[in-house]
Amino acid sequence: MSIVPKALSGIRVLGATRMLAGPYAEMLLADMGAEVLHIELPRIGDDSHYFAPLIHGEGSCFLAANRNKKSITLDLRKPEGQEIFRDLAKISDIVIENNRPGTMNKWNIGYSQLKEIHPGIIMTSVSGFGQSGPYANRPGLDIIAQAVGGLMSLTGEQGGPPMRTGNALGDFLGGLFAAYGTLTALYYREQTGLGQHVDAALLDGIIAVLENVIPNYTALGKVTTRNGSRIPGVAPYNSYMAKDGYVVIGVSSNTLWQRFVAVMGRPELVDDPRFASAPLRVANVEEVDAITQAWVADRTVAEVVFVLNEAGVTCAPINSVDKLVEDPHVIAREMAVEIEHPIAGRFKVSGVTPKLSLTPGTIETPPPTLGQHNDEIYRGLLQYSDKKIKDLAEKGVI
């Protein structure tokens, strides 16, 4: 166990979440020292326990988003479960939930109800479309947020179909902005004593990272479309196939272009009027990419990356996950960290980011097993009697 103090030590989070976006928000806070009580349905648990692929019977999706937490079982659909939730909320700082909007109110544990018993409580709600607006009650998934938010229209090869990103970016952005909003509200409470309701939507998160797509349309009438790995203002800026894999190269200035053509042994291209400026190189991108690809094709990934980085030209390998986890920089940054789980065994997960100099986040405990901390929380923290705990378990409340 780490003896280094963490920034969120002493903060208790009550998490009524499942799947990915909500649990990810919880995990970000847990990494920085918050005590997170992750609520799961008795005997069933989070759906992500069962999502393939499984690691010795445990869903890797659950394993990836639930480290550093405590698991308790509690059925919030039952009045007794709602009463227990209120008991826990009274002694917590933050509630994170990602149910359909209105569900927590229906169960009498929404923000308006909880603030009556705890004015300083912060409730963060994560949903597909947010707590307001005409789509609020629609079910939301990562792919839905990417579709409605415009990201899929930007992703894929030119002339090809829209594509989802390779990971659940909508879920992760929803969780990331939820954590950001939660910490902002926590800071405000430190100044005023007042809690508030944080409304984080997967759709909003996608729209927030669209870069210049919205101003390009509203100011210039330009609808950005799919363009593979290219971008509008720079060439070469793409992926290229070497003898044994792929690299990316980005030449973002005339100085870098001069270095690049020198490395390629094509100094005459400096004076070629087709390539004299960034706009001209973009206008002639097919030729630029063909020249670049021809040079890369004769070399290995390692050769291309070495000579271009030595020359100060931006270049990198496209790592598959097997190469990523062995990358010396990734290892040095502790961004693929090995943990041991009582069921799944030993495996690596993504590391903690960002890096704090004084109060660094760490991975202290693996993802919990279902209800692993029931005794600690119900008997220890809430001081429920043995009889009460037995009765609640027999009724399926915990």
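Three exercises with worked solutions follow.

The structure is a predicted model in which local features need pLDDT of at least 70 and side-chain atom pairs count only at pLDDT 80 or more, while totals for chains, interfaces and linings use all residues. Residues are numbered from 1 along each chain as its sequence is written, and side-chain values use heavy atoms, with hydrogens and water left out.

**Exercise 1. Find which elements give two or more residues to the largest nonpolar core.**

Step 1. A nonpolar core is a set of buried Ala, Val, Leu, Ile, Met, Phe, Trp, Tyr and Cys residues joined through side-chain atoms within 4.5 Å, where buried means under 20% relative accessible area (1.4 Å probe, protein chains only).

Step 2. The largest such core has 29 residues, and those with the most contacts inside it are Val-13, Leu-29, Ala-34, Ile-94 and Ile-96.

Step 3. Helices (H or I, at least four residues) and strands (E, at least two) are DSSP runs, numbered from the N terminus. The elements that supply two or more residues are helix 1 (21-31), strand 6 (94-97), strand 7 (122-127), helix 8 (169-192), strand 8 (197-201) and helix 9 (202-208). Helix 1 provides the largest share, seven residues.

Step 4. Contact means heavy atoms within 4.5 Å. Leaving aside neighbours within four places in sequence, Leu-29 touches, among others, Leu-8, Val-13, Ala-34, Ile-94 and Ile-96.

**Exercise 2. Work out in which order strands 9, 10 and 11 form their open sheet, and which of them stand at the edges.**

Step 1. Two strands pair if DSSP finds at least two bridges between them. Strand 9 and strand 10 (residues 246-250) are joined by five bridges and run antiparallel; one partnership links Tyr-237 with Gly-250 in strand 10.

Step 2. The three strands take the order 9-10-11, with antiparallel pairing. Strand 9 (237-241) and strand 11 (314-317) each have a single partner strand and stand at the edges, so one side of each is left without a neighbour in the sheet.

**Exercise 3. Decide whether Ser-125 is buried or exposed, and find which side chains make polar contacts with it.**

Step 1. Ser-125 has its place in strand 7, and it is buried, with a relative accessible area of 1%.

Step 2. A polar contact is a pair of N or O atoms within 3.5 Å; within protein, one must be able to donate a hydrogen and the other to accept it, and residues adjacent in sequence count only if both atoms are side-chain atoms. The side chain of Ser-125 has such a contact of 2.5 Å with that of Glu-97, and another of 2.7 Å with that of His-197.

Technical notes: Buried < 20%, exposed > 50% of the residue type's maximum accessible area, 1.4 Å probe, protein only.
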